[in-house]
Amino acid sequence: MNEVRNVEADAGRFRLRLLAMGVLVLLAFGLIAARLYVLQVVRYEGLADQAENNRTAVVPIVPNRGLILDRNGVVLATNYSAYTLEITPSRVADLEATIDTLSEIVDIQPRDRRRFKRLQADSRSFDSLPIRTRLSDDEVARFAAQRWRFPGVDIKARLFRTYPLGEVASHAIGYIGRINQREKERIEDSDEAANYRGTDYIGKLGVEQSFETTLHGQTGVERLETSAGGRAVRRLDSHPATPGNTVMLSLDIKLQKMVEDLFGERRGALVALDPRNGEVLALVSKPTFDPNLFVEGIDQENWQALNESVNKPLLNRALRGTYPPGSTYKPFMALAALETGKRGAGVVVSDPGYFNYGGRTFRSHEGGLGGVDMHRAIQYSSNTYFYSLAVEMGVDTIHDFMAPLGFGQITGIDLGGELRGVLPSTEWKRSAYKRPEAKRWFSGETVSLGIGQGYNNFTMLQLAVAEATLANGGTRHRPHLIKAVKDQVTGAVTEVEQPPGEHLGYKPRNVEVIRRALQAVNEAGTGRRVFAGAPYTSAGKTGTAQAVGWAQNSRYNARLLAEHQRDHSLFAAFAPVDEPRIAVAVIVENAGFGAAAAAPIVRRVFDYWLAGLYPSEEDIAAVAKGQGGPPIGAPRRVEEVPLPEATTP
C-alpha cells in the first residue's frame, strides 16, 4: 500500500527550516559585523598601536658615559669599545652544554664561568649576560661562522669603562659595576627608571657614584621594524642618546701620584686642600686598588685578595679611617683657650715632664721643658701644658669649640661614605654607652683630650678642614672635588658653584698667636730638620698617636712591638704662612714620630705646589722607607716630570 505524502505540509516544514537557517546565518553575520565594528571602530586605536608594536620594537640607546678629568685635563676615566659574547639564559635549552660547546670556539676560562653565574644570580632570565668580554677579531670571526648553532647567544659591541692610570687615586675616582638587584629596585622606584633602560652599569664608589647623574647622560630610543621571527628588518626612526657630561676635578693627579709613591708600601692617608676655597688638591688613601678589576665583575681570587688583606686596600682611609689626632690637636686647643678666655698666651705653666691628676701620673717630655707659655708649648709640644689646659676647659667646652671646625662632624665633601668620627662630650658618652656606670663622664678622662688622645677619633679630611680653616683666619670652606662640568654636546664648561665660606668669628690677634707658634715649629721646633732650606715659610705641627692603649707605668719601645701596635705618625701644616695656598693633613700608620715619617711627605707636597719642584727618585725611595729629612738628590721641575703612564685594555 503506497503512502500518500502531504506535499503542502512538507513544503511548509522546508520553508520553516529555511527561515530558521536564514535567521541563524543573519545572526551569525550580525555578530561578525558587530565584532568588526568593535574591532575596527571602538577598539581601533588600541589595536592599531598593538599591531604596530608587534611590527616594531623600541630599543633603548645607552648613552656614552662622561669622562673624568683632573684639574689639568688629564683623563682619569674614559671608555673604549669592545665585542662581548653574551647569552640570554631564557632562550637557551641547556645552558651548561651551550657554554661547554662555546668554549671549543672561544676561550672561556673558569673565572668567566664564575662571573657569569654571579651575574645570572643578580639578573633576570631574559637579560643578556656576558660570558666573555673583549673578544679578539679572530674569536669574533670564529663564532660568527657558527652562530646558527647557538640560539640565544650573540656578539654585541659595547662600551667599557677604563681607568688609564690604574691604581692612582682609585679611592677618589671610584669605579663602576654591573647594576645589582637592589640597585635595580631603587632605580625602578625613582624618577630615573626610564633613563636607565638598557643600562647595565652604575657608579659604585667615589666620583663615579657621587656624580652618577652627571656622568650617565640621557638614554635614547630606536624604533625598528621586525619580522615575525623578531629579527630587525629596518630602522623606522630614532632619538639619539645624549652622552654624559665630563666631570672636571680639582685633583692634581701628578701630585696625587707623587704622594702615593712617597707612601711606598706603608698604610695611611693624606688630604691636601686649598684653604681659600676648599678645593681638594690630593686625596690619598694607601694602599690603593685597581678599579679596572671591578668593571666586568671582579673574579673570586682578586676579591679575596682585596677583601681579606690585613692592609684593607678597599678602605678609604682619608674619609673613613678615624684616628686620634695626637699633638696636631694642640694648636686648636690653644686657640680654644684664647677664644674662650680660659688661658692667655702669656701664661707660663711649669712642665716638669709629667702631670699629676686624680692620683694618676700623665707623662710628658722626659726631664720636662721647665716654664712654657703658649708659644713654646706648641713649638716644643709640651704635653703638661695641654693636660692642664684640658682640665681647666672641661670636655663640653672643648666639644663646643671644636665642632664648628669640623672635628667629629660630616664635612659635606661631595663624595659619599665619610665617617663622623668621635668628638667626645658628656652627652656623647651618655648616648654611646649602655651600662649606667659607663655613661658618666669622669674628670680624669678629660686630661688626654688636651693632647689629642682619649676618645678623640677623627678623619684626615676633618683634620685638613680644621687646618685650612685656621690657615684661612677662621673662614671654613666646604671641601669639594668637583671643579667644573663640561657639556659633551655644546662643549660649554660650567664652574660648579660652591657655598660661601663660613667665618667662625675668631679674633685675628688670637689666630696670629697660633700662626706664629706653628711657624716656629718648622723653623726651630720639631719640624725644623725636615723644612730646612725650604724656599717658603710654613706652619705645621707634628703628632704621634697611640694605636693601642698602654698601662700607666709601661714604657713605649717600638722595636719590641708588632708593627700594627706601633704609634701613628701625623703632621698637619699650611703654607705660605702669611698667604696660605695649601693646607695638608697626613697620617702614616704605625710609623712612629710625626717628624720622621709624616712631615717629610708634607715637605715634598709643599715643594711641589709652591716651588714647582718634584723630588728625585732617590729622595722618593728614601721617604718611602721612612728615612726622609730635607730633600736629597737633584729635584726636578714639575713640568719636566712625565704624567703617570697610562694603561690600555
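Me: In this model, which side chain is joined to that of arginine 343 by a polar contact of 3.1 Å?

Reply: The model is a predicted one, and in it the side chain of serine 388 makes that 3.1 Å polar contact with the side chain of arginine 343. A second polar contact, of 2.6 Å, links the side chain of arginine 343 to that of glutamate 392.

Me: Where does arginine 343 lie along the chain?

Reply: Arginine 343 belongs to the loop that runs between helix H14 and strand E13, the strand of residues 349-351.

Me: Is arginine 343 buried or exposed?

Reply: A residue is called buried when its relative accessible area is under 20%, and arginine 343, at 5% relative accessibility, therefore counts as buried. Leaving aside neighbours within four places in sequence, the residues in contact with arginine 343 include Ala337, Leu338, Val349, Met374, Tyr385 and Leu389, together with Ser388 and Glu392.

Me: How are H14 and H22 oriented to each other?

Reply: Two helices count as roughly antiparallel when the angle is over 145 degrees. Helix H14, residues 330-340, packs with helix H22, residues 508-524, at an angle of about 155°, their axes being 9 Å apart, and the two helices are therefore roughly antiparallel. Their crossing is right-handed.

Me: Which residues make the contact between H14 and H22?

Reply: On the side of H14 they are Pro331, Ala334, Leu335, Leu338 and Glu339, while H22 contributes Asn510, Val511, Val513, Ile514 and Leu518. Sorted by class, this contact has eight nonpolar residues, one polar and one charged. Leu338, one of the H14 residues in that contact, is also among the residues in contact with arginine 343.

Conventions
Residues numbered from 1 in each chain as written. Predicted model: local features only at pLDDT ≥ 70, side-chain atom pairs only at ≥ 80, totals over all residues. Heavy atoms only, no water. Axes fitted to C-alpha atoms, helices over the stretch in contact; angles between N-to-C directions. Helix = DSSP H or I, 4+ residues; strand = E, 2+ residues; numbered from the N terminus. Parallel < 35°, antiparallel > 145°, perpendicular 65-115°, else oblique. Left-handed = near helix turned anticlockwise from the far one by under 90°. Contact = heavy atoms within 4.5 Å. Nonpolar A, V, L, I, M, F, W, Y, C, P; charged D, E, K, R; others polar. Buried < 20%, exposed > 50% of the residue type's maximum accessible area, 1.4 Å probe, protein only. Polar contact = N/O pair within 3.5 Å; in protein donor to acceptor, adjacent residues only side chain to side chain.
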